[in-house]
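Colleague: I'm new to this one and would like a close look at a single part, the sheet. Could you walk me through the strands and the charged pairs around them?

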Amino acid sequence: MRLDKYLKVSRLVKRRTLAKEISDQGRITVNGSVAKAGTDVKVTDELVIRFGQKVITIEVTGLSEHATKENAKGMYELVKEEKVSGD
């Protein structure tokens with residue numbers, strides 16, 4: 001599944017266009033490599049996403065084309081969440 005679609009369906013990002021912008025700015029890495037919107041995401045991949053002053057690390061635990069509110073959380077597991085200074 002494409003990275004931008006995964007972020008939208010898993011509800012980590014509200015809109016797919018926003019997910020595309022974030023990834024194209026180089027603020028997302030998949031397994032340690034900077035990822036673009038079209039990067040293929042697979043189960044067990046580790047994503048690191050930078051949202052302003054916050055960095056979250058998640059592990060992909062499931063893929064679903066059309067997630068509902070209930071199963072969207074089952075698509076990933078939060079590994080780490082940290083605040084970073086805006087030096």
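Modeller: Here is a walk through the sheet, followed by the salt bridges.

A quick word on where the values come from. This is a predicted model, in which local features need pLDDT of at least 70 and side-chain atom pairs count only at pLDDT 80 or more, while totals for chains, interfaces and linings use all residues. Residues are numbered from 1 along each chain as its sequence is written, and side-chain values use heavy atoms, with hydrogens and water left out.

Let's start with the overall layout. Five strands make up an open sheet, ordered S2-S1-S3-S4-S5, with antiparallel pairing. Strand S2 (33–34) and strand S5 (76–83) are at the edges with a single partner strand each, so one side of each has no neighbour in the sheet. As for the terms, strands (E, at least two residues) and helices (H or I, at least four residues) are DSSP runs, numbered from the N terminus. Two strands count as paired if DSSP finds at least two bridges between them.

Now step across the sheet. Strand S1 (residues 28–30) is joined to strand S3 (residues 46–51) by three bridges, in the antiparallel sense. Within that pairing, Ile28 has Ile49 in S3 as its bridge partner. Ile49 also stands opposite Ile56 in S4. That takes us to the next pair: S3 and strand S4 (residues 54–60) run antiparallel and are joined by six bridges. S3 and S4 form a hairpin with two residues between them. In that turn, Gly52 has a positive phi of about 55°. On the way to the edge, S4 pairs with S5 over seven bridges, again in the antiparallel sense. One of the partnerships here puts Lys54 together with Lys83 in S5.

Lys54 is a handy place to switch to charges. Side chains of opposite charge can pair when their charged atoms come close. Here a salt bridge means a side-chain nitrogen of Lys or Arg within 4 Å of a carboxyl oxygen of Asp or Glu. A search of the whole structure turns up five of them. Glu81 forms a salt bridge with Lys54, and their closest N and O atoms are 3.5 Å apart. This pair links distant parts of the chain, with Glu81 in strand S5 and Lys54 in strand S4, 27 residues apart.

Are these two buried or exposed? Glu81 counts as partly exposed at 48% relative accessibility, and Lys54 is partly exposed too, with a relative accessible area of 33%. The cut-offs are under 20% relative accessible area for buried and over 50% for exposed, with partly exposed in between (1.4 Å probe, protein chains only).

Away from the sheet, Lys20 forms a salt bridge with Asp24, with 2.7 Å between the closest N and O atoms. Lys20 and Asp24 are four residues apart in helix H2 (residues 16–24), so about one helical turn separates them. Lys20 is partly exposed at 39%, and Asp24 is partly exposed at 34%.

Finally, Arg2, Asp4 and Arg16 are linked in a network of salt bridges. Within the network, the closest N and O atoms of Asp4 and Arg2 are 3.0 Å apart. Asp4 counts as buried at 4% relative accessibility, whereas Arg2 counts as partly exposed at 39%.
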